[in-house]
Amino acid sequence: SFHQIRAVQQNIEARIEKQGLTPTYNAEMQKMIDSGSVRPLDPRELQEWDGPVHFMPHFAILNPESSSTALRIVVDSKCPNRKSGLSFNDLISEVPNALNEILQVQLRWREFEHSIMYDLLKAYHTLWTGLLELHLRRFLFRFSTQEDWTIYGYTVVAFRDKPAALALELGKELMARL
């Protein structure tokens, strides 16, 4: 429920503040908002939505070795709803594992005289989802403890979503064909 996730998010917010990460966390969240990866849900939209709703906590993953994203905001797609006991990932049908075995990748890579290596920056945040997923991946955020909580929703695939790897592989295949 909204109140339970708010309590969880307040604890996470306190840990972020204690670690001195609030400015960096806020900057990363602002980037997500600016890029359209997440968006606030207005009160009218919340009231008119009659489909399922699920709130998820979000937290920081630190990666000091990364030059582009030393702090990444991750939602917990495995977090169960206390009322139903189901997580967002529980609501998703099983999908095939799209990740290749590393041995197969290395063997196939050695078959070619030339190869290309690339890094898809914010790759998951380029795969748009629909209205249902927006409401099933709601989260709370505020830029300071003096503000009220705002309800946001993900408009794109999130890193910990069950179908994320498959969606990315299908997206890459589609772009390669185009």
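**Exercise 1. Find the contacts of Thr155, leaving aside its neighbours within four places in sequence, in this predicted model.**

Step 1. Place the residue. Thr155 sits in the loop between E5 and helix H6 (164-177).

Step 2. Check its exposure. The relative accessible area of Thr155 is 13%. Buried means under 20%, so Thr155 is buried.

Step 3. List the partners. Thr155 touches Gly36, Ser37, Val38 and Arg39, among others. Its contacts also include Leu127, Trp128 and Thr129. Leu134 and Arg137 complete the list.

**Exercise 2. Describe the surroundings of Val38, one of the contacts of Thr155.**

Step 1. Start with the strand pairing. E1 and E5 pair in the antiparallel sense, over three bridges. Val38 stands opposite Tyr154 in E5.

Step 2. Add the contacts beyond four places in sequence. Val38 meets Met29, Met32 and Ile33. Val38 also meets Phe139, Tyr152, Gly153, Tyr154 and Thr155.

Step 3. Place Val38 in the core. The largest nonpolar core has 19 residues. Val38 is among those that touch the most other members, along with Tyr25, Met29, Ile73, Phe139, Phe141 and Tyr154.

Step 4. Ask which elements build this core. Helix H1 (2-18), H2, strand E3 (71-75), strand E4 (138-141) and strand E5 (150-154) each supply at least two of its residues.

Step 5. Look for another core. A second, separate one has seven residues, including Leu41, Leu134, Trp149 and Ile151.

Step 6. Recall the general trend. In soluble globular proteins, nonpolar side chains tend to be buried together.

**Exercise 3. Work out the order of the open sheet of three strands, and say which strands stand at its edges.**

Step 1. Read the order. It is E1-E5-E4, with antiparallel pairing.

Step 2. Find the edges. Strand E1 (38-40) and E4 each have a single partner strand, so one side of each is left without a neighbour in the sheet.

Step 3. Note the turn between strands. Neighbouring strands are turned by 35 degrees against each other on average, direction ignored.

Step 4. Add the helix. H2 lies across E1, E4 and E5. H2 runs at about 135 degrees to E4.

**Exercise 4. Trace what Asn26 touches from its place in helix H2.**

Step 1. Check exposure. Asn26 counts as buried, at 16% relative accessibility.

Step 2. Leave aside neighbours within four places in sequence. Asn26 is then in contact with Phe141, Arg142 and Phe143.

Step 3. Look at the polar atoms. A polar atom of the Asn26 side chain lies 2.9 Å from the backbone oxygen of Phe143.

**Exercise 5. Compare the partners in three of the salt bridges; the structure holds four.**

Step 1. Recall the principle. Side chains of opposite charge can pair when their charged atoms come close.

Step 2. Take Glu28 and Lys31. Their side chains meet at 3.0 Å, N to O. The two are three residues apart in helix H2 (residues 22-35), so about one helical turn separates them. Glu28 is buried, at 10% relative accessibility. Lys31 is partly exposed, at 47%.

Step 3. Take Glu45 and Arg39. Their side chains meet at 2.6 Å, N to O. Glu45 is buried, at 16%. Arg39 is partly exposed, at 30%.

Step 4. Take Arg44 and Glu48. The closest N and O atoms are 3.2 Å apart. Both residues lie in helix H3 (residues 43-48), four residues apart, about one turn of the helix. Arg44 and Glu48 are both exposed.

**Exercise 6. Explain why E3 is largely enclosed, and find its partner strand.**

Step 1. Count the buried residues. Four of the five residues of E3 are buried, so the rest of the structure largely encloses this strand.

Step 2. Find the partner. Strand E2 (residues 58-62) pairs with E3 in the antiparallel sense over five bridges.

Step 3. Name one facing pair. Leu62 stands opposite Leu71 in E3.

**Exercise 7. Summarise the whole protein.**

Step 1. Count the elements. There are six helices and five strands.

Step 2. Read the pattern along the sequence. It goes α-α-β-α-β-β-α-α-β-β-α.

Step 3. Check burial. Of the 178 residues, 33% count as buried.

Step 4. Check contact range. Take contacts between residues at least 6 apart in sequence. Of these, 69% join residues at least 24 apart.

How values were computed: Residues are numbered from 1 along each chain as its sequence is written. This is a predicted model: local features need pLDDT of at least 70, side-chain atom pairs count only at pLDDT 80 or more; totals for chains, interfaces and linings use all residues. Side-chain values use heavy atoms; hydrogens and water are left out. Buried means under 20% relative accessible area, exposed over 50%, partly exposed in between (1.4 Å probe, protein chains only). A nonpolar core is a set of buried Ala, Val, Leu, Ile, Met, Phe, Trp, Tyr and Cys residues joined through side-chain atoms within 4.5 Å. Contact means heavy atoms within 4.5 Å. Two strands pair if DSSP finds at least two bridges between them. Axes are lines fitted to C-alpha atoms, for helices over the stretch in contact, and angles run from 0 to 180 degrees between N-to-C directions. A polar contact is a pair of N or O atoms within 3.5 Å; within protein, one must be able to donate a hydrogen and the other to accept it, and residues adjacent in sequence count only if both atoms are side-chain atoms.
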